[in-house]
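Student: Could you take one part of this structure and walk me through it closely? I would like to see how that spot sits within the rest of the chain.

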Amino acid sequence: MSDIQWWSSESFWRKTAIWVTAGSFVVLIFLTLHSMSEIWAGSKRVPAYSVINHRIDYVFDEKRNFQVPVIGVEEPLFGKKLTEEEAEALVSRGKLTVQAKNCMNCHTLLGNGAYYAPDLTKSWLDPWWGSKEVREQQMVEFLMSPQDRVHNGLGRRMPNLGITEEEARATVAFLKWMASIDTNGFPYNFKPIKQEN
Ligand code: HEC
């Protein structure tokens, strides 16, 4: 018998395959463009690099039920206000240092990397660095000679990676910028520095 059911005909499945593939392709393009707009520096969740000229607070948001970064008053990194271009150059230099020294070999950044050492996403806000007057310098000194410090009581020490002062300052800029990113409350349970006026 040659009367084939419509749902078992070859042409039906061929058309279905073409429509599903074409539909998925359109959805994928939409999602890609949407993600790009969400992760671009200067978008709602990822502030422009010049955010390093400001205080970054991390406060509990009742509605969203987790902590979110709040960009506060002007508080330039190393006391020097930078233009957007200067800030971008400095943060990029820091990012290059983080890549060149392979910090992800031990740390996670935005959740990516290894679990040997603490996540660095909000490390700018770690109370361990002390008050805002000394924090930046503490971080620079830690990055340049971490082997001398007993830090979070992990029982692990970070090795000296031969980071120069210029690289350390740029890395601190990168870490400050990263702390300003809205990561939907990640890392969970992070206890930020207290920043009263
Ligand atoms: C070989 C492993 C290793 C590598 C590579 C490494 N770290 Fe670490 N790092 C550690 C360990 C372990 C600690 C915790 C030290 C402690 O608690 O005393 C740490 C702590 C830190 C802290 C303090 C975290 C906080 O929130 O207080 C910062 C900041 C940091 N590292 C930055 C970096 C950067 C930037 C790089 C790359 C340039 C890097 N680390 C590369 C092992 C590493």
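Tutor: Happy to! Let's start with Leu110, which in this predicted model is partly exposed, because 13 other C-beta atoms lie within 10 Å, and the exposed class ends at 12 or fewer. Leu110 sits in the loop between strand 3 (108-109) and strand 4 (112-113). Its backbone deserves a look as well: phi is positive, about 50 degrees, although Leu110 is not a glycine. Most residues other than glycine have a negative phi, and most peptide bonds are trans.

Asn65 makes a good companion to Leu110. Asn65 is another residue other than glycine with a positive phi, near 65 degrees, and its place is in the loop between strand 1 and strand 2. Asn65 is exposed, because 8 other C-beta atoms lie within 10 Å. The two strands around Asn65 form a hairpin with four residues between them. Strand 1 covers residues 54-61 and strand 2 covers residues 66-74, and they pair in the antiparallel sense over seven bridges. One bridge to pick out on screen joins Ile56 to Ile71 in strand 2.

While you are checking backbone angles, go on to the segment after helix 4, where Pro187 is found. The peptide bond leading from Phe186 to Pro187 is cis, with omega near -5 degrees.

Now let's place these spots in the whole chain. The secondary structure comes to four helices and four strands, and from the N terminus the order is α-β-β-α-β-β-α-α. The domain assignment divides the chain into domain 1 (11-39) and domain 2 (49-179), so by residue number Leu110 falls in domain 2. The centres of the two domains, taken over C-alpha atoms, are 39 Å apart.

Within the interior, the largest nonpolar core has 26 residues, and those with the most contacts inside it are Ile52, Val91, Ala173, Phe174, Leu175 and Trp177. Helix 2 (84-100), helix 3 (135-144) and helix 4 (165-179) each supply at least two residues of this core. Helix 4 gives the most, with nine residues. Val91 shows how the pieces meet: leaving aside neighbours within four places in sequence, Val91 is in contact with Tyr49, Ile52, Ala173, Phe174 and Trp177.

Helix 1 (residues 10-39) paints another picture. Its 30 residues reach 43 Å from first C-alpha to last, close to the 44 Å expected at 1.5 Å a residue. The number of buried residues among those 30 is zero, so helix 1 lies largely in the open. Take Lys15, which is found in helix 1: Lys15 is exposed, because 11 other C-beta atoms lie within 10 Å. Lys15 and Gln67 are 52 residues apart in sequence and 49 Å apart in space, C-alpha to C-alpha.

The overall numbers round this out. The C-alpha trace spans about 85 × 35 × 35 Å along its principal axes. The radius of gyration is 23 Å, whereas a compact globule of 197 residues would have one near 16 Å. Buried residues make up 23% of the 197 residues. Among contacts with a separation of 6 or more, 60% join residues 24 or more positions apart.

Methods:
Residues are numbered from 1 along each chain as its sequence is written. This is a predicted model: local features need pLDDT of at least 70, side-chain atom pairs count only at pLDDT 80 or more; totals for chains, interfaces and linings use all residues. The expected span of a helix is 1.5 Å times one less than its number of residues. A residue is buried if 20 or more other C-beta atoms lie within 10 Å of its own, exposed if 12 or fewer, and partly exposed in between; C-beta atoms are placed from the backbone. A nonpolar core is a set of buried Ala, Val, Leu, Ile, Met, Phe, Trp, Tyr and Cys residues joined through C-beta atoms within 7 Å. Two residues are in contact if their C-beta atoms, placed from the backbone, lie within 7 Å. The radius of gyration is taken over C-alpha atoms; the globule rule is 2.2 Å times the number of residues to the power 0.38. Two strands pair if DSSP finds at least two bridges between them.
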